Amino acid sequence: MKVAKSCSQCRAAKRKCRTGPTPNSACVMCAHKGQNCSLFTSSSLNRQKFLAPAVTGMNTSKEVNDELRDELVDIYLRLIHDKPHTLFHPATLRTRVQASLLPEAVLCSILAFAARLSSDHTIQERAKDFFQTAKEALKRTIDKVTLDNVHASALVGNLCGIEGDSSGESLFFGISFRMAQILRLPEADPEDDSIMRELKLRTYWSLYMIDQWSSAGLDMPRQIPDTNRHSLPMSEMEFWKMKSGTRTSGILTPNRQPGLWGYMVILARIFGKIQELHRQLANNHLSDAEAEEYTRQVALQFQEFSQSLPPNMELTRDNLDSHAKTGLGSTFVALHLGYHHYSTLLYFHYLDSTHNEVSNQALFAARCKFHATAFSELLSLSNEVPGSEAVYFIVAHMTVISSSALLHTLLFGEPDEMPGTRERLSSNFQVLLKLKQYWPYVNSMITRLFTFQEACMLSTDRVYVVDKWIVKFLLQHALPIEKNLRPPATHSLAERDKFAEDALSILRPPQPEQQHS
């Protein structure tokens, strides 16, 4: 019997099959596409071990055994992936990891994310080493324009942000965006199977989302424009079930039913309009009447979004439980946290009660409080339902914004609002303290809350005027925030501040004498 020299996948696709670097390894094309390859055998998988690459002066030369490696990949897929980004097909990712076919920069980035979320303190301590290894590995292959390097650059950019390195964050995100443009993402190649087609699409929309957030957080121009040309990501369950080598006929239609991430993209488009509103307000480009109309139009888009959600994606306890059982609880929570966060940002401006010319000021202020409260309650609920935790980094910034609106209510609201507001603030602060254990830069975000409180205390009858300081506070989460100097507080506000101080005390680090005792 003649031994096949090409794999079944390449024969089916009628493409040239080049053998891999070692006997019984996947061919070059299957490895590049992350496909199963008939030339790759389970015996070779058992022989191959992943070694964390040795880097001079770092502790990454120790072997990461298969069990630990797979455990960290699972943590990443469960707690990070499909939340701030969706870059991989889970089954294909696991196959490439086990076959030692995933590039070092991508794998070590994944390990760096997951290590911080490990329950083992010794593994947590290795997160920085994994990150440095990933960054150095990416630098060695930075001139190779591949989908893997698009992923690696996006992941390393996120890790820079987690470390508070805003310059590195901007740089690596920019590299990822440009590589994606060179590759013409999300356009598919004729030889792409269904997994690769959807993977390119999800990567493109992940970068779109990253661009929306990072351009605001870093105060940089956006690189990926709004468009309706491309389909939205499909149902996550359908995507997960796809088998390597399966092909779809025709072009993906933009009108197909999106999955959870597809609805996240719709929200991100609205977020872009909210960013523009705040920028124009800060630069005095809008009158009160124009700003009110702009807000009303964006509010209508939120209403359309809510009405477009299919019944199984509406925010109910039954839906949360159902998604959690399928492994999508955290993604479902991420969608609705985003909805309430963006809505809080839209109406935050109207907490300023001196907008006498705005007929809807009271309505919009009430909506801001409602969404800040709903965000807090959903965040608390997510920690009660197994498989629904929201522990990715950007949750910290969203929680700070929710807490700021609640803190404003504590300082300026009605007496009957105070008990519930205190309870929700306490719940938010517990989440921030939890996130602080995982992500080092959360401490800087917590500091922003103290700065906001001081800005409130230095106001006579309102929290702020709409200026560049409040835009920086609300949107530019990756940059440091300076104090906003105002006239001294009134005596009545100082009395209210005692309640705020009591609520914030949970976040303040212990004083030396307290630590000693």
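1. Let's start with R184, which sits in the loop between α10 and α11. This is a predicted model, and in it the phi of R184 is near 60°, a positive value in a residue other than glycine. With a relative accessibility of 51%, R184 counts as exposed, because the cut-off for that label is over 50%.

2. Stay in that loop for a moment. P186 also lies between α10 (166–182) and α11 (194–218). The peptide bond leading from L185 into P186 is cis, and its omega is near 10°. If you are scrolling through the backbone here, R184 with its positive phi and the cis bond from L185 to P186 are both worth a look.

3. Another loop has a similar point of interest. N284 is found between α13 (260–282) and α14 (288–308). Its phi is positive, about 60°, although N284 is not a glycine. The relative accessible area of N284 is 67%, so this residue is exposed.

4. Now to helix packing. Two packed helices are described by the angle between their axes and the distance between the axes. Helix α4 (residues 66–79) packs with helix α5 (residues 90–98) at about 160°, and their axes are 11 Å apart. An angle over 145 degrees counts as roughly antiparallel, so α4 and α5 get that description. Their crossing is right-handed.

5. Which residues make up the contact between α4 and α5? From α4 come R69, D70, V73, D74 and L77, and they meet P90, L93, R94, V97 and Q98 of α5. By class, the contact of α4 with α5 holds five nonpolar residues, four charged ones and one polar.

6. Further along the chain, helix α17 (residues 361–382) packs with helix α19 (residues 418–438). The angle is about 55° and the axes are 10 Å apart, so α17 and α19 are oblique to each other. The crossing of this pair is left-handed.

7. On the α17 side of that contact you will find T373, S376, E377, L379 and S380, while α19 brings R424, S427, N428 and V431. The contact of α17 with α19 has five polar, two nonpolar and two charged residues.

8. Finally, a word on cysteines. How many disulfides does the structure hold? The count is zero. C108 has 0% relative accessibility and therefore counts as buried. C368 is likewise buried, because its relative accessibility is 0%.

Notes
Residues numbered from 1 in each chain as written. Predicted model: local features only at pLDDT ≥ 70, side-chain atom pairs only at ≥ 80, totals over all residues. Heavy atoms only, no water. Axes fitted to C-alpha atoms, helices over the stretch in contact; angles between N-to-C directions. Helix = DSSP H or I, 4+ residues; strand = E, 2+ residues; numbered from the N terminus. Parallel < 35°, antiparallel > 145°, perpendicular 65-115°, else oblique. Left-handed = near helix turned anticlockwise from the far one by under 90°. Contact = heavy atoms within 4.5 Å. Nonpolar A, V, L, I, M, F, W, Y, C, P; charged D, E, K, R; others polar. Disulfide = S-S within 2.5 Å. Buried < 20%, exposed > 50% of the residue type's maximum accessible area, 1.4 Å probe, protein only.
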